[in-house]
Amino acid sequence: MLKPDAVQNGHAGAILDHILKAGFRVVAMKYTRLSEDTAGKFYAIHRERPFYGELVRCMSSGPIYAAILEKENAVEDFRNLIGATDPAKAAPGTIRQLFAKSIEANAVHGSDSDDNADREGNFFFSEFERF
Ligand code: CMP
């Protein structure tokens, strides 16, 4: 996902360029906005965490781009491409180091396992929206 802060700050095109140049293929993509309810469901795994309320508020604050990306070793390679959750700790040249402002508004989300990638892809896309 390209998060609301990245879209609002005009970074969506540059971030997508980084992703494509890193060798990811777009299987599905949509521009949409999450309601608080939908953002809460997407991040239900974090419901008990202290940052959950702020995360849901941030993620529903404006439109996002959701995407399914494909590549050999995609989960690990994407997490290396985007950098640490906290942009202050993200390595130079990573998407979060370049484009994120804070840990809540950290520009992008990447699935942390193949199982979650399946779950999160199914959250946004039907089989007819994948190419
Ligand atoms: P993301 O990769 O989308 O997964 C969960 C999100 O929670 C994370 O990026 C951050 O935007 C947000 N978050 C806010 N505070 C924290 C924190 N202290 N630790 C981890 N994630 C946090």
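What follows is a short walk through the ligand site and a few individual residues of this structure. The model is a predicted one.

The ligand is a good place to start. It sits in the second largest pocket. Around the ligand are Lys3, Tyr43, His46, Phe51, Leu55, Thr85, Arg96, Ile103, Glu104, Asn106 and His109. Sorted by character, this shell comes out as four nonpolar, four polar and three charged residues.

Some members of the shell come up close to oxygen atoms of the ligand. For Lys3, an N or O atom of the side chain is 2.7 Å from a ligand oxygen. Ile103 takes part through its backbone, with an N or O atom 2.7 Å from an oxygen of the ligand. His109 uses its side chain, where an N or O atom is 2.9 Å from a ligand oxygen. As for overall cover, the ligand has 450 Å² of accessible area on its own, and the protein covers 79% of that.

Next come two residues with a backbone angle worth a look. Ala107 is not a glycine, yet its phi is positive, near 75°. Ala107 belongs to the loop that runs between helix H6 (95–99) and H7. Its relative accessibility is 0%, so Ala107 counts as buried, the cut-off being under 20%.

Asn73 also has a positive phi without being a glycine, in this case about 60°. Its loop is the one between strand E2 (64–70) and helix H5 (74–82). Is Asn73 buried or exposed? Its relative accessible area is 42%, so Asn73 falls in between and counts as partly exposed.

Helix H7 covers residues 114–124, and Asn116 is found there. Asn116 has a relative accessibility of 17% and therefore counts as buried. Which side chain does the side chain of Asn116 make a polar contact with? The partner is the side chain of Asp112, at 2.7 Å.

Last on the list is Thr38, which is part of helix H3 (residues 36–42). Thr38 counts as partly exposed because its relative accessibility is 27%, and the range for that label starts where buried, under 20%, leaves off. Thr38 can also be placed relative to Ala12: the two are 26 residues apart in sequence, and their C-alpha atoms are 21 Å apart in space.

Definitions and conventions
Residues are numbered from 1 along each chain as its sequence is written. This is a predicted model: local features need pLDDT of at least 70, side-chain atom pairs count only at pLDDT 80 or more; totals for chains, interfaces and linings use all residues. Side-chain values use heavy atoms; hydrogens and water are left out. Helices (H or I, at least four residues) and strands (E, at least two) are DSSP runs, numbered from the N terminus. Buried means under 20% relative accessible area, exposed over 50%, partly exposed in between (1.4 Å probe, protein chains only). A residue is near a molecule or strand if one of its heavy atoms lies within 4 Å of it. A polar contact is a pair of N or O atoms within 3.5 Å; within protein, one must be able to donate a hydrogen and the other to accept it, and residues adjacent in sequence count only if both atoms are side-chain atoms. Accessible areas come from the Shrake-Rupley method with a 1.4 Å probe; for residues, only the protein chains shown count as cover. On a 1 Å grid over the protein atoms alone, a cavity is a set of points where a 1.4 Å probe fits but cannot get out, and a pocket is an open set with protein on both sides within 12 Å along at least five of seven lines; lining residues have an atom within 4 Å of a point. A molecule sits in a cavity or pocket if more than half of its atoms lie within 2 Å of its grid points. Ala, Val, Leu, Ile, Met, Phe, Trp, Tyr, Cys and Pro count as nonpolar, Asp, Glu, Lys and Arg as charged, and the others, Gly among them, as polar.
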